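Dear colleague,

Please find the structure below, handed over for your own work. A summary of the findings follows it.

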Amino acid sequence: DVGCGGGLLAEEFARLGMAMTGVDPSHPSLMAARNHAAQSNLSIRYIASTGEQLPFGDATYDIALCCDVLEHVDRPAQVIGEMARVLRPGGVLLYDTVNRTLLSNLAVIKVFQDWSFTSCAAPNLHDWTKFIKPAELGKILAHHGLQERFTAGMKPAANPIDILRQMRKRKRGEISYGELGRRMKMALSRDLSISYLGCAVKTG
């Protein structure tokens, strides 16, 4: 799990019976991840490192996860190249990220981050210029021997007015980020204009 943060995604995969390794440059995040995994009786290895330089040998892993990460790094192609390097032939890369569109600028930057009435994300958390168009990401994947198998958009299914109401509750500290996500009812969509996810397979 590249850019594992506090380990929430790594824990979900560990519960499925997978032997998980989490990588993140933030020591406080890794400490929180280790503590939470111990409380949950989950055995997960956490390592301080960056996605641009993974401390693993070639063809080491069957699956690489990179969720909510690519839109934050300066060199996404290098991160993807490193994940491709450590994947075995036939290994799977799972990712999600944010598209660089006018709609994502409105939804992710303005509504979630900048506008005082609705903002519930940290200031400057996202930089719209770092968002990645699906076609751009597809070229990077192909360059590193990763064949796209599935792509889908992610959109909230909740009523837009209710979403704004829930964001206000998050801003006031009445609900957690996790609860905000649940109340937004994120679902798969054919619309890739804001966020999208996918998987790719390392060819032989």
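The model is a predicted one. I begin with the strand pairing: proline 156 has methionine 186 as its bridge partner in β6. That pair belongs to the contact between β5 and β6, which is antiparallel and comprises four bridges.

The sheet as a whole

The open sheet consists of five strands, arranged in the order β3-β4-β7-β5-β6, and its pairing is mixed. From one strand to the next, the twist averages 20 degrees. The edge positions are taken by β3 and β6 (186-189); each has a single partner strand, so one side of each has no neighbour in the sheet.

Strand β7, residues 195-202, runs antiparallel to β4, residues 87-98, and seven bridges join the two. With β5, residues 146-156, strand β7 also pairs in the antiparallel sense, here over eight bridges. Serine 195 of β7 appears in both pairings: it is the bridge partner of valine 98 and also that of methionine 154.

The cysteines

Why are cysteine 67 and cysteine 66 not bonded through their sulfur atoms? The sulfur of cysteine 67 has its closest cysteine sulfur in cysteine 66, at 7.0 Å, and this is too far for a bond. A disulfide would require the two sulfur atoms to lie within 2.5 Å. Accordingly, the search of the whole structure returns zero disulfides, and cysteine 66 takes part in none.

The two residues also fall into separate accessibility classes. Cysteine 66 has 0% relative accessibility and therefore counts as buried, the cut-off being under 20%. Cysteine 67, at 22% relative accessibility, counts as partly exposed. As general background, side chains in a regular strand alternate between the two faces of the sheet.

The second largest pocket

For any work on binding sites, the following description may be of use. The second largest pocket has a volume of about 280 Å³. Its lining is made up of 18 residues, and those nearest the centre are Ala19, Thr21, Tyr61, Ile63 and Ala64. By class, the lining residues of this pocket comprise 13 nonpolar, two polar and three charged.

Which element supplies the largest share of the lining of the second largest pocket? That element is β3, with five residues. At least two lining residues each come from β1 (20-24), β3 (61-67) and α3 (76-86). Strand β3 thus links two parts of this message, as it lines the second largest pocket and stands at an edge of the sheet.

With kind regards

Methods:
Residues are numbered from 1 along each chain as its sequence is written. This is a predicted model: local features need pLDDT of at least 70, side-chain atom pairs count only at pLDDT 80 or more; totals for chains, interfaces and linings use all residues. Side-chain values use heavy atoms; hydrogens and water are left out. On a 1 Å grid over the protein atoms alone, a cavity is a set of points where a 1.4 Å probe fits but cannot get out, and a pocket is an open set with protein on both sides within 12 Å along at least five of seven lines; lining residues have an atom within 4 Å of a point. Grid points are joined across faces, edges and corners, and a volume is the space filled by probe spheres set on the points. Ala, Val, Leu, Ile, Met, Phe, Trp, Tyr, Cys and Pro count as nonpolar, Asp, Glu, Lys and Arg as charged, and the others, Gly among them, as polar. Buried means under 20% relative accessible area, exposed over 50%, partly exposed in between (1.4 Å probe, protein chains only). Two strands pair if DSSP finds at least two bridges between them. Axes are lines fitted to C-alpha atoms, for helices over the stretch in contact, and angles run from 0 to 180 degrees between N-to-C directions.
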